[in-house]
Amino acid sequence: MENRNLEKALDIVSLLVSGQDVGETSANSALYQEYSNNSEVYAIVQETLRHLELEIYEYKNSLYTAGKAGNTVFGFTNEEVKKALGVKLNKELYLAYFIIYNIIMQFYTDSSTPAYVEYVKIDDIVNSMDTNINGIIDDEMGIVLDEIEENSFRQIALSWEELPASSSNSIDNTRAARKSKAGFVKTVINFLEENDLLIGNDARYYPTDRFRSMIENYYEDNRSRLAQLLKGKKEQEK
Amino acid sequence: MIETMQRDIVADHRERMLNLKKYYPFFKLTENNFSQFKDGMYENLDMGYILMAILRFFIEQNNVKEKDVTYPEYLDFMARMLRENFNQKLDDGQVREVSDYIFDKIRNEGRPFSFEYYDPIDRKKRASRVRIIESNIKDNTVWYSISAEAIEFYLDTKEIKDESRISVAQLLLEKMISSDDFKGGAVVVAKINDEVSNLKRQSDQVLKGLSLNLDEGVKSYREFMDTGMQWFDEEERLFKKNTELIEKALAKLNSDHEGQSQKTEAYYRTLKDIYELGDQLKIAMNRHTELLVSVTKMQKMTDQAIKNAKIRSLRSRVNFQTILKEMILADDAEVLSEFIKPVLGIKIRKRFVLKNLDEALTMRPLKMIKPEKVSFSESTEIVYDDELEEERIGDNYEFLMRNLYSALRVRDEFSKKEFDASMMAMYDENIIKNADYVTFFVNLWQDDGYLNKMLDSRIDEEEKIDFTLERSSEDSNDLIIRRV
């Protein structure tokens, strides 16, 4: 193994785990070329990331990383996401996850079919949430509050429905807060912007290439594990 | 309201009746059910059907093959049509007999059909005349052709989907130009323009559809190409032909009035009508070309979208809506975290730079390196300068936010300047010059979540008060803080 190649590969890994861009059009384009054309550099990067339990995704000639499931060093824990979002309760955390899932569904119908939607606005997401929450609680049957577990979808639905639509008259001026639907969505959007997954401009939020690389690769790569997870939960239910 | 109704009834009546005129001969003719002719021997035949067939035959001959029709040609067509479309067996004599009868009826024995109506403006009864078949004599032969009204009637009887509306309108235009009806021609061109604009709109919608749902988009694209665009070349040809006809009409007008030193008013009126028609047709042709450009773009986009979809179809995919249904069914939100957390990327905090690992492995230790003294004291947590600073900012922000909440408990609404004044009175005059004081309001205004995160661990949820911040309408340098 050439020492020079090791150095380049570690440079790439170092940049990736510190959240910097490695791509054809980035400041580190020379390193990207090495990764693409030098098989030894490619192999070292892959191997190092595998040991660090990180996934590497290539999208539009740029590299992105994500933590593998259960990676507590690089990946987020629930507590860390809570802290980053500024929420304290689990039901708020799950509501935030559900909002993120709805944002994904705005841009993708499935993991390989972009919906050609260029951007979303807060009210798009609030509407999508309202639609998807609608089916969770059977209003005719009613609910027994004591039976609802903190980490259930019914709890997510209740938390959402308890919120007023907005605390200000104009959705565009919505401030991040947990006391209204629009405010909660804004809180989540702020978090996604911080993590370089969305870019906001004039109350319109555009997905970044990082976001697209994650959606188009992560679900597909982890398809069977996620299916197993869902199946396991269903069997537990039975 | 009543005025509008009155206008509709009175002022527009003549126009409505003139529009109805073209339908009149059809209903007049279909009153005849052959029962009065030859003791009802041909009762089996249907005048409505026969009339429509004859009109189509004339359009084919006059406008497509561009020739007028002789009587023997008409008889040929009738013989074929009557034998093929009706069950009644007719010999040659009978075919001739019934064809003569029908032709007389359609030509209304040489007279135009007279459609009477009441004109409420003049308060008089008026009669408007309409012919189905026109005739002229050339080289001792009588030639027959279909009238413009009859073409219009025929085209109006069906919403043309499988034929180009532009082409048929152009046939009508051709007829109007050759009968020197240039004003009527301009109306037809306006219709053509509408149709071209309509096709342009349709192509925009197809483009929009393609971006939303590929399957539906491709379906409407194919439909559009089949119905809207397959006639494009034919339309282009007719446009050229009509332009030539206009030029010929202009030449004819000039040659007719050649040698007249004093041109008549009618000459100038006709000249103006021809020029207007020519201009309108040029506009229509330009729009038609623009449509072609837009359709070419659409073709490229569709090809690309189909290609992408084919490639995508090779990959398996995870349908988010299906997964959501399954998750809701399992009713365990913890699964959601498995779906979301990894796509958030990696958390980036201060950490050991891996590059140093490489340097550490390859660096040769200096021989004279001094050994490090072993210390048994417990290592203390390292606090970085920026963390110290963050702590200070956090303390100051908490202090300011608590003051803001206290003020909001006393008054629901106040300006920032009022708040500044009370802070200066309470603490120190220099407080508003403090950098953290300034950045506190900047962060509050920007609302990027930084302030919320910093204060969440410091101020309990119960103590918080929701408020809004907006620019003062009276003083642009001031803000209004209002409790929600």
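Two helix axes count as roughly perpendicular when the angle between them falls from 65 to 115 degrees. That cut-off is needed for chain A of this predicted model, where the axes of helix α5 (residues 90–107) of chain A and helix α8 (residues 181–194) of chain A come within 10 Å and cross at roughly 75 degrees. The helices α5(A) and α8(A) are therefore roughly perpendicular to each other. Where they meet, α5(A) supplies Leu95(A), Ala96(A), Ile99(A) and Ile100(A), and α8(A) supplies Phe184(A), Val185(A), Val188(A) and Leu192(A). By class, this contact of α5(A) with α8(A) consists of eight nonpolar residues, with no polar and no charged ones.

Helix α5(A) also meets helix α7 (residues 153–162) of chain A, and here the two axes come within 9 Å and cross at roughly 90 degrees. That angle makes α5(A) roughly perpendicular to α7(A) as well. On the side of α5(A), the residues in this contact are Lys91(A), Glu92(A), Tyr94(A), Leu95(A) and Phe98(A), while α7(A) brings Gln155(A), Ile156(A), Ser159(A) and Trp160(A). The contact of α5(A) with α7(A) divides into five nonpolar, two polar and two charged residues. Leu95(A) takes part in the contact with α8(A) and also in the contact with α7(A).

From chain A the path leads to its contact with chain B, to which chain A gives 67 residues and chain B gives 49 residues. On the side of chain A that touches chain B, there are 32 nonpolar, 20 polar and 15 charged residues.

Chain B itself contains 19 helices and seven strands, and 22% of its 484 residues count as buried. Among the contacts in chain B with a separation of 6 or more, 62% join residues that are 24 or more positions apart.

One of the covered parts of chain B is helix α7 (residues 148–156), in which seven of the nine residues are buried. These buried residues of α7(B) are Ala148(B), Glu149(B), Ala150(B), Ile151(B), Glu152(B), Phe153(B) and Tyr154(B). Several residues of this stretch recur in the surroundings of Leu172(B), which lies in helix α8 (residues 165–178) of chain B. Leaving aside neighbours within four places in sequence, Leu172(B) is in contact with Ala148(B), Ile151(B), Glu152(B), Leu155(B) and Val188(B). Leu172(B) counts as buried because it has 24 C-beta neighbours inside 10 Å, where 20 or more are required. Asn63(B) lies 109 residues away from Leu172(B) in sequence, yet the C-alpha atoms of the two are 8.6 Å apart in space.

Elsewhere in chain B, three strands form an open sheet in the order β5-β7-β6, and their pairing is antiparallel. The edge strands, each of which pairs on one side only, are β5 (413–415) and β6 (467–471) of chain B. Neighbouring strands of this sheet are turned by 20 degrees against each other on average, direction ignored. Between β5(B) and strand β7 (residues 479–483) of chain B, the antiparallel pairing runs over three bridges, and Ser415(B) has Ile480(B) in β7(B) as a bridge partner. Helix α17 (residues 416–426) of chain B packs on the sheet and touches β5 and β7 of chain B, with a direction that makes about 80 degrees with that of β5(B).

Key: Residues are numbered from 1 along each chain as its sequence is written. Chains are lettered from A and ligands numbered from 1 in the order in which they are written. This is a predicted model: local features need pLDDT of at least 70, side-chain atom pairs count only at pLDDT 80 or more; totals for chains, interfaces and linings use all residues. Two residues are in contact if their C-beta atoms, placed from the backbone, lie within 7 Å. Ala, Val, Leu, Ile, Met, Phe, Trp, Tyr, Cys and Pro count as nonpolar, Asp, Glu, Lys and Arg as charged, and the others, Gly among them, as polar. A residue is buried if 20 or more other C-beta atoms lie within 10 Å of its own, exposed if 12 or fewer, and partly exposed in between; C-beta atoms are placed from the backbone. Helices (H or I, at least four residues) and strands (E, at least two) are DSSP runs, numbered from the N terminus. Axes are lines fitted to C-alpha atoms, for helices over the stretch in contact, and angles run from 0 to 180 degrees between N-to-C directions. Angles under 35 degrees count as roughly parallel, over 145 as roughly antiparallel, 65 to 115 as roughly perpendicular and the rest as oblique. Two strands pair if DSSP finds at least two bridges between them.
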